Amino acid sequence: MTTAEAPAAIRLPADVQTTAPRGWKRYRARTFYAFVSPWLAGFILLTLFPLGYALWLSFTNFDGMTGHYRYVGLQNYADIFRDPDALHSLGRTALYTVITVPAAIIIGTALAVLVNRPVRGRAAFRAIFYLPAVVPIVASALCFKMLFDSDFGLLNHIFNQLHLQTIQWLADPLVFWVMIAMTLWGVGGTMIISLAGLQGIPGELIEAAKVDGANAWRAFTRISLPLLSPIILFEVITGVIASIQAFIPALLLSIQSGTVAATSVPQSNYLFMIHAYAQYFDYGRFGYASALLWALFILILVLTAVIFKVSGRAVFYESGPDEAAQAAAGHATGGKAER
Amino acid sequence: MSRAVEAPVVGGLKHRPARPGAIAGRTGLYVLLVIVALIFLVPLLWLLSLSLKSEGELSTPSWLPKTLQWSNFKDAVTLIPFGKYVTISVFLAIVQSGLATLSSALTGFGFARLRARGKRALFLVVVATLMLPQIVTVIPTYLIFARVHLVYTYWPWVLWGLAGSAFLIFLFRQTFASIPMDLEDAAIIDGCGYFRIFWRIFLPMAKAVLVAGFVLSFTAAWGDFITPSLFLDSDHTTLAVGLSGGYTTAAGTPIYTALAAGSVLYVLPVLILFIVAQRGFINGFVTSGLK
C-alpha cells in the first residue's frame, strides 16, 4: 500500500529485486532457512513442544508415576481458584511484583542520573553499582543469608552493639523483605538500561530548557523522563515478567542444612512459582502443576498486553510508536536492518 | 585576557566561579555516591570477611578477622568434591555458550542479510521468545527429557547451545545489519556463497561481539542454578548446585566459614571477568540492543 504511493526513486530497490534471477532468489531463501535451522529446530523442540506438552498435561490428572491418567478437561484450572495455597502464593507474588518493579525502576533510574553526571570516578561508581547484577544468584543468596543470619549476620551484630534486640530476619515475616533487598541489590541491570536511555537524550535539549529557566528537576521531569518513557515501559514489562516467575531467590534463601526444598520456604516467601514447583517435585501432581504453569504464562501474556495498552498515552515516542516498540523489544535499528 | 577567553571549555563547570551552593551540592553528591557504593559492596565484603574468620569468631561482632584463616579455603575445596564440580561447570558453560554464540551468529546473519518468505514472522517469534518466562519451558522440558533418558546427561546443554539465545540473535542481527553491502556484493560477484561470506567476511568482523556473546552466556551458564539442579544428579552437578547443598558436618550443621570461602571462590571468576570486561558490560553489549 505504501509502495504504491511512494515516489519512483524509493521503489527502485524493489524493482531491482524483482529483476534478480529466480535461481539466486531461491538459493538465498534456502540459505536463510539453512542458517536459522539450528535455532528453529531448537525453538520447536525446546520451546514449542514443551509448552504443548505442559498444556496437554494440564488437562489430565497425570501424577508422574502411573501410566493410567485421564483427560479431566478444565478441572485443574478450576482447582486453582479453590486452592487456598495457590491464592496465597498469588498474593505474595503480586506484592513482590508491586514492590520490586517500581522500586527497581526508581532506584535504577536515580542511580543512572547520578552516574550520568560529570563526576570524578564515574566509571568506578558505575562498575560498583552494576557489580551485584553479575554476581550469580546462588552467591547473592548466600551473601544475604550471611548478612541477615540471626547468630553471625552483620545486621544483628549492629543491633547488638546498639543494645537492640536481635531479630530473626530469615523467618516469617521479615524474610520477605530480605528477599526484596536481595532483588534490589541487583538493580544495576535496570540502572544500565536507564543510563543507556539517558545517554541517548541530546544534551542540547536539556541545555535549552535550562536557558529557558528550568531547574534541574523540572528539566528532568519535563524532558528526560518523557524521552525515557519507552525505556521505562521496557523496564516495566521485563520487570513484571521477571518478578512474576521469580522463585529461585525464595528457594535459595530457605536452604536448610544443604537441602533445597520448596516445602521449606517460609509462608511469606511462598511465591506462585514456588507453589507450582512444590506441586511438581514434592507432590507429583503433574497435571495440576502444569495448569499452574500455564496459568502463569497466560497471566504474563495478559499483563504484558494490558501494560502496552495502558501505557499507550503515557509513553512518548520520539520517532513513531513502531520503532519505539521495536526498541522495547530489544533492538532499535527498525527499517535500517531490513534490506 | 584573550587567552582566558580562549581557554578550553573542557570541564567548563570547574572553571566557572563556584557558588557556595554548588560546592555544597557537589560534596553532597559525592557523599551520596560513596554511601550508596558502600551499601552495594557490603554483602560481598561481609562474605569475604567471613571466609577468613575462624569458626569461633563468627559470633563476635567484628568487621575484620583477627588472623586470616586461609585454611577455610582449603576446607572449601576438600569438604566437597570442588574440583569435580568446577570441571563440570566449566565444561557445560563452554559447551553451551560456544554453541549458543555460533548458532546465534548464524541465525542473526540470516535475519540481517538474507531474504526469504516467512522471515518477518520468524523474527516476531524471536521477539516473543525474548518475553517468554524461562521456567515455563524448563520444567516441561525436564519431564520430556526424563522420558527419553536425557536427564542426568550433558546432552541438554548441547541442545540448548545449538538452539542459540534470542538475546544473542538480536545482538548479531544488529551487528551484521550495520556492515555495508559493498563487501558482500564484491564477494558474490567473485562467486562466493553465503556460507563463505559469513565465515570469511562477517564473522571475523564481529570478533568483539563474538567475545561479548561468549562472555555473557558463559557467566549465565556458570550462574545457572535451576537447570543443573533439575537435570543433573547431585553427584555430577555444577558448582552452583554443589555449593548450595554442601559444607555440612556429618550431623548436618552447616560449616559457614567453608561455605563463605567456597562462595568467594565461586564468585571470583565472574568478578575477574567483569573487571576485565567492565567497559564492555556497562557501555556496550548489555544495552547495545537499546541504542
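These exercises walk through a two-chain predicted model, with a worked solution after each task.

Residues are numbered from 1 along each chain as its sequence is written, and chains are lettered from A, with ligands numbered from 1, in the order in which they are written. As this is a predicted model, local features need pLDDT of at least 70 and side-chain atom pairs count only at pLDDT 80 or more, while totals for chains, interfaces and linings use all residues.

**Exercise 1. Take stock of the two chains: how many helices and strands does chain A have, and what share of its residues counts as buried?**

Start with secondary structure, where helices (H or I, at least four residues) and strands (E, at least two) are DSSP runs numbered from the N terminus. Chain A comes out with 16 helices and zero strands. For chain B the tally is 16 helices and zero strands.

Next comes burial. A residue is buried if 20 or more other C-beta atoms lie within 10 Å of its own, exposed if 12 or fewer, and partly exposed in between, with C-beta atoms placed from the backbone. Chain A has 339 residues, of which 41% are buried; chain B has 291, of which 40% are buried.

Then look at contacts, meaning residue pairs whose C-beta atoms, placed from the backbone, lie within 7 Å. Take the contacts with a separation of 6 or more: in chain A, 66% of them link residues 24 or more positions apart, and in chain B that figure is 76%.

Finish with the domains of chain B, whose bounds come from an automatic or database domain assignment. Domain 1 covers 2-70 and domain 2 covers 81-245. Their centres, taken over C-alpha atoms, are 38 Å apart.

**Exercise 2. Track down some backbone oddities: which residues does a cis peptide bond join?**

First, a reminder: most residues other than glycine have a negative phi, and most peptide bonds are trans.

The cis bond sits between A:D172 and A:P173, with omega about -10 degrees. A:P173 lies in the loop between α8 (154-161) and α9 (175-185) of chain A.

Now check phi. A:H163 isn't a glycine, yet its phi is positive, at about 60 degrees. You'll find A:H163 in the loop between α8 and α9 of chain A. A:H163 is exposed because it has 6 C-beta neighbours inside 10 Å.

Chain B offers B:Y152, another non-glycine with a positive phi, here about 70 degrees. B:Y152 is in the loop between α7 (134-147) and α8 (155-162) of chain B. With 15 other C-beta atoms within 10 Å, B:Y152 is partly exposed.

**Exercise 3. Work out how α6(A) packs on α10(A): at roughly what angle do their axes cross?**

Two packed helices are described by the angle between their axes and the distance between the axes. Axes are lines fitted to C-alpha atoms, for helices over the stretch in contact, and angles run from 0 to 180 degrees between N-to-C directions.

The axes of α6 (residues 122-134) and α10 (residues 188-199) of chain A come within 7 Å and cross at roughly 125 degrees. That makes the pair oblique, since angles under 35 degrees count as roughly parallel, over 145 as roughly antiparallel, 65 to 115 as roughly perpendicular and the rest as oblique.

Among the contact residues are A:F129 and A:Y130 of α6(A), along with A:M191 and A:I192 of α10(A). Sort the contact by class: Ala, Val, Leu, Ile, Met, Phe, Trp, Tyr, Cys and Pro count as nonpolar, Asp, Glu, Lys and Arg as charged, and the others, Gly among them, as polar. You get seven nonpolar, two polar and no charged residues.

**Exercise 4. Cross over to the interface: which helix gives the most to the side of chain A that touches chain B?**

The contact takes 76 residues from chain A and 83 from chain B. On chain A's side, α3(A) gives the most, with 17 residues. That side divides into 57 nonpolar, 15 polar and four charged residues.

Zoom in on α3 (residues 22-58) of chain A and α5 (residues 82-113) of chain B: their axes come within 8 Å and cross at roughly 140 degrees. These two helices are therefore oblique to each other. The α3(A) residues A:F32, A:F35, A:V36, A:P38 and A:W39 meet B:S103, B:L106, B:T107, B:F109 and B:G110 of α5(B). By class, that's seven nonpolar, three polar and no charged residues.

Terms used. Contact = placed C-beta atoms within 7 Å.
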